[in-house]
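This briefing goes through one chain topic by topic. Please keep the sequence and the 3D structure in view while reading.

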Amino acid sequence: MSRMYSFSRASLLLVMTAALAACSSTKPKVYQGEEFSETSTFSHDFATSAPATCEAARRTLLSQGYIIKQAKADLVDGHKHFQPESDVHVEIEFHVVCAPNDGLGKSTTLFVSATQDRYALKKTNNSASVGLSVLGSVSMPIGSSSDSLVKVASETIPAGQFYDRFFGLIEHYLGLDTGLPAVDLDDKPALPVKPSAKAPE
């Protein structure tokens with residue numbers, strides 16, 4: 001009887017260990033999804049200088065209601081708040097870096113990463129301490145509560161179309177979508193240049 005009990009117990013432990021090993025092996029690690037491939041969603045090449053490209057990125061974010069935290073010749077940071085539900089708050093933060101590809105300043109690679117932080121409304125009950133001569137200090141609820149936003153999730157936005165729309169609007173501000181030479185934002189307005197109508201001869 002005892003031998004059968006010890007055998008069944010050992011079999012149970014062996015099955016549980018195998019099940020745990022199977023569960024742990026089927027779950028891929030987060031870093032395994034990092035391919036580091038040459039083609040990336042997070043970068044785009046522009047035939048303009050780094051300051052002009054970053055200025056177009058700044059104007060792109062401003063045009064969509066983003067608040068610019070810092071803007072330099074080679075980087076731009078901005079964020080925007082959303083409230084999809086009454087007790088849910090979402091913040092998207094952009095980080096843009098403009099890296100020149102040559103010493104002439106004619107080509108730039110723009111690197112961008114957008115992070116989405118999600119906050120939920122949490123209620124906290126307040127209590128007050130009441131001093132009694134016999135019992136001492138007793139903490140009792142007074143029926144009030146305070147609300148606070150707590151971060152519940154944070155992730156880098158991976159969607160390709162999201163960044164494609166961002167790059168497309170940058171091209172709009174650079175004037176590349178008109179087929180004309182890119183507008184140098186250091187000297188001229190960052191708006192598409194329309195070809196002037198030919199005067200009748």
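A disulfide is a pair of cysteine sulfur atoms within 2.5 Å. By this rule the chain has one disulfide, which joins Cys54 to Cys98. This is a predicted model, in which local features need pLDDT of at least 70 and side-chain atom pairs count only at pLDDT 80 or more, while totals for chains, interfaces and linings use all residues. Residues are numbered from 1 along each chain as its sequence is written, and side-chain values use heavy atoms, with hydrogens and water left out.

**Overall layout**

- The chain has three helices and six strands; helices (H or I, at least four residues) and strands (E, at least two) are DSSP runs, numbered from the N terminus.
- Their order along the sequence is α-β-α-β-β-β-β-β-α.
- Of the 201 residues in the chain, 23% are buried; buried means under 20% relative accessible area, exposed over 50%, and partly exposed in between (1.4 Å probe, protein chains only).
- Among contacts (heavy atoms within 4.5 Å) with a separation of 6 or more, 52% are between residues 24 or more positions apart.

**Confidence**

- The mean pLDDT of the chain is 78, and 63% of its residues reach 70 or more; pLDDT is the predictor's confidence in each residue, from 0 to 100.
- Among the elements, helix α1 (residues 2-26) has the lowest mean pLDDT, 57, and strand β2 (residues 67-71) has the highest, 97.
- Over residues 1-7 the pLDDT stays under 50, and the model has zero contacts for them beyond four places in sequence.
- Residues 182-197 also have pLDDT below 50, but this stretch has 30 contacts in the model beyond near neighbours in sequence.
- Where pLDDT is low, the predicted coordinates should not be read in detail.

**The disulfide**

- The S to S distance between Cys54 and Cys98 is 2.2 Å.
- The link of Cys54 and Cys98 is right-handed, with 110° about the S-S bond.
- This pair links distant parts of the chain: Cys54 is in helix α2 (residues 50-63) and Cys98 in strand β4 (residues 88-100), 44 residues apart.
- Cys54 counts as buried because its relative accessible area is 1%.
- Cys98 is likewise buried, at 3% relative accessibility.

**Strands β2, β3 and β4**

- Strand β2 pairs with strand β3 (residues 75-85) in the antiparallel sense over four bridges; two strands pair if DSSP finds at least two bridges between them.
- Gln70 has Asp77 in β3 as its bridge partner, and Ile68 stands opposite Gly78 in β3.
- The connection from β2 to β3 is a hairpin of three residues.
- β3 and β4 run antiparallel and are joined by nine bridges.
- Glu85 has Val88 in β4 as its bridge partner.
- The connection from β3 to β4 is a hairpin of two residues.

**Ala99 in β4**

- Ala99 lies in strand β4 and counts as partly exposed because its relative accessibility is 24%.
- Leaving aside neighbours within four places in sequence, Ala99 is in contact with Thr108, Thr109 and Phe111.
- Ala73 is 26 residues from Ala99 along the chain, and their C-alpha atoms are separated by 9.9 Å.

**Helix α3**

- Helix α3 (residues 160-174) has 15 residues and should span 21 Å at 1.5 Å a residue, which agrees with the 21 Å between its end C-alpha atoms; the expected span of a helix is 1.5 Å times one less than its number of residues.
- Which residues of α3 are buried? Phe162, Tyr163, Phe166, Phe167, Ile170, Tyr173 and Leu174 are buried in α3.
- These buried residues lie on the same side of α3 because they cover an arc of only 130° around the axis; the arc is that of the directions from the helix axis to the C-beta atoms.
- Gln161 and Arg165 are exposed on the other side of α3.
- Gly175 follows α3 and has a positive phi, near 85°.
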